[in-house]
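Here's a quick walk through one model, a few parts at a time. Have the viewer open and follow along.

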Amino acid sequence: MQTHGPKRIYTPQSLEFWFERLEADWEPQFDPEHVEKGHAMYRDGEIREVELGASDAIIHRKVEKKEEYAVIEWDGEKIKVRSSSTDEALANAIAVAGLHEIEELLADELNALSRGLTRRNGTTVAPGANAGQAAAAPTGHGHAVAALTAAPAPTVHGAPAAGADRAPRDLLLSFTTTADGLVFLAYWKHGRTRVPALGNTTNHPTATERAKLIALATYARKAHFRYNQTTHAYALDALADIPGFLRDILPHWKKQFGVEIDAKVESIKQGARSLEIEAVADRRGGSTSDVGGLNLRWIFRAGEKLLTDEQAAALLKHGRTPMLLPDLGIVTMTPEKWESYNQWRRNIEETQTSDGKIPPYLIFSLFSDNRIKVTLGPEIMNWRDKVLTPPAESPTLPDYLRNYQRRGVEWMHHLCETDCHGLLADEMGLGKTAQVIALLRSRPLEGFRHIVVCPASVVPVWREEIARFFPEAKVDTLKSGHDFTTNKEPCIWIASYTQLRKHRGLLDKIEFGYAVLDEGQFIKNPDAKVTQACFAIKTKHRIVMTGTPLENRQLDLWSIFRYLLPGLLGSRTAFEAALAQDRDGTMKRLRQQVAPFILRRTKKEVAKELPPKVEMDLLCPLSEVQRAEYARICTEGLARLGEDITVALREKSFGFLALLTRLRQVCCDPDLLPWMDSPLEQSGKLELLIEKLQEVVASGHKVVIFSQFVTLLNRVRSALVQHYPDLPLYEITGMTVDRQKPVYQFQHAQGAAAMLVSLKAAGTGITLHAADYVFLLDPWWNPAVEDQAIDRVHRIGQTNTVFVYRMVTAGTIEERIQALKTEKRQLFSQIIDNSTGDFEWTTHFSSLNSLIQLRAVETSEPEAPPAPTATVTTLPVPVSPEAEEKAAADDEVRPAINA
């Protein structure tokens, strides 16, 4: 009933004219933007008056105090619009809104006629046609009259229409559900017979029946139904509106029309149902001892009903918005479950092999995601239990391993046997390198080549350790121009991260047996080219080594596991989002997921298996600048002193010792040479020190760094400030007046701290047992002095094992003297006491050249191009023995005088 809609002015003749005109689909004559704007006007009730003429209509619109009108005329089959507004879009919108009001007027009038109702003041009282109800604009095909047949329109007055003598029929609406939404078809029903009411050209409706169809079209439009010209069905595809329609609107329709409802419709009255997702994991192929890959089946459940494969596929294609499944009703997945499912789908796509195999380790991710229930088949469950339970029998391992190291090798061996990969994260000093080498030695893979990727500064360490613990292994160092795909012989390739990146194009052509990443924090940035190169390595077994704690470096951990077990921690975006939303909960779940694949022991955990003091040599590389300067000093020294070491000692002792001092200085840092001006990056020893300190500092340990060169300690201080700006630094040299103050501050500092100590200042009177790491930057020729310095840390009151690292430059005089010192400690006390007996030197070195020459060391190229070439001043190497001796002694004597 029209209660507060627009004023309506019309005649029976005008009604009949507009009835005939609006049988056609008129909306396509307007721009979509104009139609949408007109819909809004219609919904908002902005049309105040509709005046129908015999061939035109005047539509009045009023918003606040502003009035506008549009005149709608017909030119043949086309609509023409004139308006008081010069805005064409506004004029057309008013026309669109007016045409919808005319449709509603026609529906009200014809419905009233069909039921014999009366007009009141020019307005027909039509039950259910209350214009005051919230009316939605048409949203698609068809209008009130477009749903009708193409039969000639009946007259509203005058002669009866075709079929007027037929017995009246009821209009029956039959509702069901399809993939398109809630759908109904209209039928004429008389007795037990029914015929389609729409699209039926053989059985024309009477005027009364036609009025019912127009009324139906109006009601359908208000309820957001769309009419399909092909199927002649009305569909409500806005799923959110369906429950409200069934609950609130359909009861009113039943007063106007006959209604029958399919049983499927009942399932959607309560709205959308949230689906449960379950993953069923079982073994795919393989033998009984080989898991052979993962077969993952997804089950979607709505209450007790399972979705068919076709329904599940349709749901997944539809996305996370609600979907109508005819047999189940409206179903949806919560955003959390939808994201979780998509995460596992992406993981599977990224990790499955070319033959479609899914890595079985992904069940640890699924199992830890409480948003999705996971059911494991018996074979997969047995495999999982095998991963979590170490075998009772241990492999045969080398005797040099300590007990905790044996357990580490057994753990890696076990992961390899179960087709998993691991992160060995033992604290610095516990022998990670030795454990990995023991694995390569005790679990050989016949016919395979292996690769170890490490920082360039660590390449010599790996060569030395393999030669020591696995001497029969063939080792090659990857350099520019090498092609490891051509060498088919089993060997261990050692590559710096930079060299691996340069050889990225070869990685697709070879599968390694073992691929080991040392200092795994080097791949912490997953977008870096070097990280992408590591991700591209194809290998049977992957191992990562790092001593850096991982609890506070979650993103580093994600990148490491992207290499080790792709997909286990999900996508980087999801990983970061989870940390941002619930850091504590994510960390708890993260620890559960990675626990089987990380082994970390601290010194405290294995203290009973460690001696009180662990001493080891740390081989350091030479930078290109160091290498060139070392060779130049050797050449010039040999030219002055000759090859005969005995003559050099007897007749040119000052020059001999000065030469050795210069060589030792360039081994430490070329900037120590008085004629050099070098950046920190040109010292291989400082670069390696900074890398090793990363583990020490991150673990919260205290470290003491010794050197006999005060200027070298200054360089160390600069490097520490640059790389570890928050690390507390203390220093004791010969210039320190109150030595107890820095000692006290260092001893009582909370967490990590570093103490820089010169040789002469470390002799007596200080206790530094709060530290448990010691770095000797330059090997001292007198073992007693070296031991005395170490005893500043390793003394009464020390409760931890002390790790002592002697930093020795590979291939130089430092390495030869260190090897000789280990064998002949007594020799050096004789030298320091000026007992330079010829027999000692000549016994071990046939010539001066054999003592000082730069031995070729298989090392990788620098991690980055050398810094700008060092500035060389005009100061040459001292010519006279006296000047040489004085220059060499300056740095050493100064702290001795001030001590």
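What covers the buried residues of H10? Keep that one in mind while we get to the helix itself; bear in mind, too, that this is a predicted model.

## Helix H10 and its surroundings

Let's start with the helix. H10 takes in residues 403-417, which makes 15 residues. From first C-alpha to last, H10 reaches 21 Å, close to the 21 Å expected at 1.5 Å a residue. Its buried residues are Tyr404, Gln405, Gly408, Val409, Trp411, Met412, His413, His414, Leu415 and Cys416.

Now back to the opening question. The cover over those buried residues includes two helices, H9 (378-388) and H11 (432-442). Strands are part of it as well: E21 (422-424), E25 (511-517), E26 (538-545) and E27 (598-599) are included. Just past the end of H10, have a look at Asp419, which takes a positive phi of about 65°.

## A five-stranded sheet

Next, go to the N-terminal strands. Five of them form an open sheet in the order E1-E2-E3-E4-E5, and the pairing is mixed. At the edges sit E1 (7-9) and E5 (78-83), each of which pairs on one side only. On average, neighbouring strands here are turned by 15° against each other, if you ignore direction.

Helix H1 (residues 12-21) lies across E2 (47-52), E3 and E4. Relative to E4, H1 runs at about 70°.

## Strand E4 and its partners

E4 is worth a closer look. How many bridges join E3 to E4? There are eight, linking residues 56-63 of E3 with residues 66-75 of E4, and the two strands run antiparallel. One spot to click on is Ile58, which stands opposite Val71 in E4.

E4 and E5 are antiparallel as well, joined by six bridges. Here Glu73 has Lys80 in E5 as its bridge partner. The E4-E5 hairpin has two residues between the strands, and in this hairpin Gly76 takes a positive phi near 70°.

## Cysteines

How many disulfides turn up in a search of the whole structure? Zero. Take Cys620: its nearest cysteine sulfur belongs to Cys668 and is 8.7 Å away, and Cys620 is in no disulfide.

Is Cys620 buried or exposed? Its relative accessibility is 1%, so Cys620 counts as buried. Cys534 also counts as buried, because its relative accessibility is 0%.

Technical notes: Residues numbered from 1 in each chain as written. Predicted model: local features only at pLDDT ≥ 70, side-chain atom pairs only at ≥ 80, totals over all residues. Heavy atoms only, no water. Pairing = 2+ DSSP bridges. Helix = DSSP H or I, 4+ residues; strand = E, 2+ residues; numbered from the N terminus. Axes fitted to C-alpha atoms, helices over the stretch in contact; angles between N-to-C directions. Contact = heavy atoms within 4.5 Å. Expected span 1.5 Å × (residues − 1). Buried < 20%, exposed > 50% of the residue type's maximum accessible area, 1.4 Å probe, protein only. Disulfide = S-S within 2.5 Å.
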